[in-house]
Amino acid sequence: MNRPMTGPDPWRAPVIVAQIPDTGVHRKLEASAAERQAMADLAGLRDVLSAHAEFDVEPKSGGRVQVTGRVQARVGQTCVVTLDPIESEIDEEVDLTFAPEAETRRLEDLIEEGQDDEDPPEVADPPEAIVNGIIDLGRIATDALFLAIDPYPRKPGVVFEAEVTAPDPEDHPFAALKALQDNKQGKKKGK
């Protein structure tokens, strides 16, 4: 998952990888009013009315960690057609693999080397990096929420209809050439 955010993370819920039991952990998150306001400001939304997430965090072999779950939110946006305020529901599934930073760098280098070929084979996305031994579930939830936001929201049933005018048959790129040709033919007939 690419990191669409820049700046401080508005919703934080760090999990220390070394403290994850072999059976994994289940976390339920709910963003506070301040966190929701920070997310709205960062995403350019009118507001984030609610934001919830549930994640299962399971250790895998080789220091990897699998994070699966769901992010649900209700966001306030503006209809791009009517400019009326609307609310949109977000329900996004998450399934990410995390690995130690050194391994993710090595995999990214291998993928870049493979892209030198004319027809590189399809490669699965590399795992996300475990940074400083921590996986931030709030960051994962915020990223999933931001990626699921409709960039052009519309009120239900509203359709943008562009004003269509019939083109003038005399208004085209070659109209000036036709006029010159007609003028030239008119002079020939007049001789």
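Begin with the whole chain coloured by secondary structure: the protein comes to 4 helices and 7 strands, taken as DSSP runs (helices H or I of at least four residues, strands E of at least two) and numbered from the N terminus. Read from that terminus, the elements run β-β-α-β-β-β-α-β-β-α-α.

This is a predicted model, in which local features need pLDDT of at least 70 and side-chain atom pairs count only at pLDDT 80 or more, while totals for chains, interfaces and linings use all residues. Residues are numbered from 1 along each chain as its sequence is written, and side-chain values use heavy atoms, with hydrogens and water left out.

Next, colour by pLDDT, the predictor's confidence in each residue on a scale from 0 to 100. The average for the protein is 84, and 81% of the residues score at least 70. Select residues 1-5, where the pLDDT is below 50, although this stretch has 17 contacts in the model beyond near neighbours in sequence; a contact here means heavy atoms within 4.5 Å.

With the surface switched on, the protein exposes about 12900 Å², of which carbon and sulfur atoms supply 50%; accessible areas come from the Shrake-Rupley method with a 1.4 Å probe, and for residues only the protein chains shown count as cover. Of the 191 residues, 30% count as buried, that is, under 20% relative accessible area, against over 50% for exposed and partly exposed in between (1.4 Å probe, protein chains only).

Now select helix α1, residues 33-43, and show the side chains of Glu-35, Met-39 and Ala-40, which are buried. They lie on the same side of α1 because they cover an arc of only 140° around the axis, the arc being that of the directions from the helix axis to the C-beta atoms. Turn to the face pointing away from that buried side and you will find the exposed residues Ala-33, Ala-34 and Asp-41. What covers the buried residues of α1 includes β2 (25-30), β3 (47-59) and α3 (137-148). Just past the helix, stop at Gly-44, whose phi is positive, near 70°.

Move on to the strands, where two strands pair if DSSP finds at least two bridges between them. β2 and β3 run antiparallel and are joined by 6 bridges; to locate this pairing, select Lys-28, whose bridge partner in β3 is Glu-54. On to strand β4 (residues 65-78), which pairs with β3 in the antiparallel sense over 12 bridges, with Phe-55 bridged to Gly-69 in β4. The hairpin of β3 and β4 has 5 residues between the strands, and Gly-62 there takes a positive phi near 70°.

Then display the largest nonpolar core, which has 33 residues; such a core is a set of buried Ala, Val, Leu, Ile, Met, Phe, Trp, Tyr and Cys residues joined through side-chain atoms within 4.5 Å. Those with the most contacts inside it are Phe-55, Val-67, Leu-137, Ile-140 and Leu-145. The elements giving two or more residues to this core are β2, α1, β3, β4, β5 (85-100) and α3, and the largest share, 6 residues, comes from α3.

Centre the view on Val-67, which touches, among residues more than four places away in sequence, Phe-55, Val-94, Leu-137 and Ile-140, to name part of the list. Finish at Val-94 in strand β5, which is buried, with a relative accessible area of 5%. The C-alpha atoms of Val-94 and Thr-68 are separated by 5.2 Å, although these residues are 26 apart along the chain.
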